[in-house]
Amino acid sequence: MARNENNIFYGVDRLTVVTYVLLVMMGWLNIYAAVFDEDHQSIFDTGEKYGKQLIWIAGAAVIAFSILLIDANFYTAFAYFFYGFLILANILVVFFGREIKGSRSWFGIGGFGVQPAEFMKFAANLALAKFLSNQNIVVNMQFRLRLKDLIKNYKNTFIALLIIIAPLIIIKKLQDETGLAIVFIAFVIVLYREGLSVGFLIFGLLATILFVVALVVTQLTGLLITLAVITYSTLLFIKRTKRNIIFVSLIYLLAAGVVLGTNYVYNHLEPHQKVRIDVLLGRGNVDLKKEGYNVNQAKIAIGSGGLMGKGYLKGTQTKYDFVPEQDTDFIFCTVGEEWGFVGSVIVIFLELFLILRIIFLAERQRSDYSRIYGYGVSAVLFFHLAINIGMTIGLMPVIGIPLPFFSYGGSSLWSFTILLFIFIKLDSNRLLILR
């Protein structure tokens, strides 16, 4: 990049930008393939989704340049403002928004729609980074502790979790957008990077596993006995003190509570959420022509691509609309069918490369704020990638979240662009800090 510090590209990481552009353009081509119409073959036809996506891409380019033009300190100074403004927007959209597919979560602007829940991700990341980094300054001045000691402070941990959970609750309860809501769980990963005990993560994973096992196993009594045997067997390998016995007993009680509470949680889910869990776990008599249709057709589309794919615009599953939402949530099916295993690996590699590149850049930051924000970006992108591809191949329940930079939609593309380019700007500012 140019050496002139006044140039907006000064210090901008080329590799990250090039990867972003590649993913966006590949996504555009796949959206064209997913909704291809022989009567409207021009990829620039703005009356079709691929033409509209081109408009969103142009808008994303303007947004990216604008972010690079603004001083990096702006994003630190107005972090809480963005957070508060978008919290308010996500509440107001329930009253003044447009209802689409049973969810009132869109502001209508002419023939286009904007979903504030998508933009909440970058705002939450800014606020979380500012809170943690500001607390770090205070702690360093007063107690000379490291940032990881901050996370061990339960009060600050509670506030950090509140920043994460507040938009999750608003989006889920008010807008009924489960997919977009659970994405905020990804920010918890940032807390582990900053020193939160890994014990919470282990507990969460074990609780999830127990929840799934309890749904699959019909004899809960046998499961509870098995858990008791496994748990108390640990006393054979550790010192049987009063403290250890109490600790092991508490672990068993927590495990038993998860098992016994599984049916209660499951029974209070929405009907469509129950169906998606049943499809994933193969519970009950799943009809592949009804509730299991989406996932089954997605697997067929991806599997039919073979090693090299059927060829661009030659996918039969894609062409004849066998897979619903193939330009948005199930865009990866188009990749699998037309580009095959090789093309799918390339797409996954580019997505993972971008995530790993962000982590690499985050680790070289001179400020805590930039590092924390960078990890937030990588966590959100990884969460989207894992869930989106997982649900298309039947490893995750269908919850409806886009593939980063690939799926059709202006709100998702713009929100991902803002999320990423703010970090690119913060990273470029690192060179000025060094000077």
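Tutor: Let's start with a rule: two strands pair if DSSP finds at least two bridges between them. Keep in mind that this model is predicted.

Student: Okay, so how do you know that β2 and strand β3 pair?

Tutor: Three antiparallel bridges link β2 to strand β3 (residues 112-114), and the rule asks for at least two, so they pair. Look at I109: opposite it, in β3, stands F112.

Student: What makes strand β1 and strand β2 a pair?

Tutor: Again, count the bridges: β1 (residues 98-100) and β2 (residues 103-109) share three and run antiparallel. With at least two needed, they pair too. Here I100 has S103 in β2 as its bridge partner.

Student: On to the rings. How many aromatic pairs are there?

Tutor: The count is 16. One of them is F74 with F78, a tilted pair with 4.7 Å between centres and 35 degrees between planes.

Student: Why is that one called tilted?

Tutor: Its centres, 4.7 Å apart, are within the 6.5 Å limit, and 35 degrees is neither under 30 nor over 60, so tilted is what's left.

Student: And why is F81 with F85 called stacked?

Tutor: Their centres are 6.1 Å apart, within 6.5 Å, and their planes differ by 20 degrees, which is under 30, so the pair is stacked. F81 and F85 also sit four residues apart in helix α4 (residues 79-96), so about one helical turn separates them.

Student: Why is F81 called exposed?

Tutor: Its relative accessible area is 51%, and exposed means over 50%, so F81 makes the cut. F78 has 40%, which lies between 20% and 50%, so F78 is partly exposed.

Key
Residues numbered from 1 in each chain as written. Predicted model: local features only at pLDDT ≥ 70, side-chain atom pairs only at ≥ 80, totals over all residues. Heavy atoms only, no water. Phe/Tyr/Trp six-rings, centres within 6.5 Å; stacked < 30°, edge-to-face > 60°. Buried < 20%, exposed > 50% of the residue type's maximum accessible area, 1.4 Å probe, protein only.
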